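Colleague: Please take me closely through one part of this model, the loops that join its helices and strands, and set what you find there against the rest of the fold.

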Amino acid sequence: FMADLAEAGPVPILIIQVGTPGGLNDLSGWHERIQRTQQGIVDVQRTLDNDKLVVLGDFAAPRSFQGLSQTLNSTRLLEADLPASWPASLGGAPLPGLHALDRLWFGSRWRHEKSRRVRVLTQPRSLILSDLQPAL
């Protein structure tokens, strides 16, 4: 994540890490963890400058998990269209990625310039490099 913070002034940034779904016995608990994370973000967001807010992290849920997107989009945050980051390889062979598990939302004072994958050979998923600029 890169942003031009020099011109933006103080910027509230929420960094989120949601655990993976786990085994079959943990799937119902994972959905509840996602819901608690959503509510926690909304609760914290109410105390911050929403127009400058940046929310990013590993949500362990692809963009197809619309419940997460709908909750955050309803708070007037915009979601960046990030490239798929997982899996980065299969049996050592590089893959283009199937799921964007890393997510980025931002307030109206930001403009999403671009995002790109950065493959790290020893990691199961690619890093995502995103550029935000202050909106004019």
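Modeller: Helices here are DSSP runs of H or I with at least four residues and strands are runs of E with at least two, both numbered from the N terminus. With those names in hand, Asn 50 can be placed in the loop between α2 (27–45) and β3. The model is a predicted one, and what follows should be read with that in mind.

Asn 50 is a good place to start. Its relative accessibility is 12%, and because the limit for a buried residue is under 20%, Asn 50 counts as buried. Its side chain reaches the backbone oxygen of Thr 75 at a distance of 3.0 Å. When neighbours within four places in sequence are set aside, the contacts of Asn 50 are Gln 45, Thr 75, Arg 76, Leu 77 and Gly 107.

One of those partners, Arg 76, deserves a closer look in its own right. Arg 76 sits in the loop between α3 (66–73) and β4, and its relative accessibility of 57% is the reason it counts as exposed. Although Arg 76 is not a glycine, its phi is positive, at about 75°. Most residues other than glycine have a negative phi, and most peptide bonds are trans.

The second half of that remark leads to the loop between β4 and β5, where Pro 87 has its place. Trp 86 and Pro 87 are joined by a cis peptide bond, with omega at about -15°. Pro 83 also belongs to the loop between β4 (78–79) and β5 (89–90), and at 22% relative accessibility Pro 83 counts as partly exposed. The C-alpha atom of Pro 83 is separated by 8.0 Å from that of Gly 97, a residue 14 positions away along the chain. Apart from neighbours within four places in sequence, Pro 83 touches Ala 100, Ser 115, Arg 116, Arg 117 and Ile 128.

Ile 128 also connects this loop to the largest pocket, since it is among the lining residues that lie nearest the pocket centre, together with Leu 56, Gly 57, Asp 102 and Leu 127. That pocket has a volume of about 240 Å³ and is lined by 13 residues, which divide into six nonpolar, four polar and three charged. At least two residues of the lining come from each of β3 (54–58), β7 (102–106) and β9 (127–134).

A further loop, between β2 (13–17) and α2, holds Val 18. At 3% relative accessibility, Val 18 counts as buried. Its C-alpha atom is 7.1 Å from that of Ile 34, although their positions lie 16 residues apart along the chain. With neighbours within four places in sequence left aside, the residues in contact with Val 18 are Trp 30, Ile 34, Thr 37, Asp 58, Phe 59 and Ala 60.

As for the rest of the fold, the protein has three helices and nine strands, arranged along the sequence in the pattern β-α-β-α-β-α-β-β-β-β-β-β. Of its 136 residues, 41% are buried, while the protein exposes about 7800 Å², 57% of which is supplied by carbon and sulfur atoms. Among contacts with a separation of 6 or more, 67% join residues 24 or more positions apart.

How values were computed
Residues numbered from 1 in each chain as written. Predicted model: local features only at pLDDT ≥ 70, side-chain atom pairs only at ≥ 80, totals over all residues. Heavy atoms only, no water. Buried < 20%, exposed > 50% of the residue type's maximum accessible area, 1.4 Å probe, protein only. Contact = heavy atoms within 4.5 Å. Areas by Shrake-Rupley, 256 points an atom, 1.4 Å probe, with all protein chains shown as cover. 1 Å grid on protein atoms, 1.4 Å probe; cavity = no way out; pocket = protein on both sides within 12 Å on 5 of 7 lines; lining within 4 Å. Points joined across faces, edges and corners; volume = space filled by probe spheres on them. Nonpolar A, V, L, I, M, F, W, Y, C, P; charged D, E, K, R; others polar. Polar contact = N/O pair within 3.5 Å; in protein donor to acceptor, adjacent residues only side chain to side chain.
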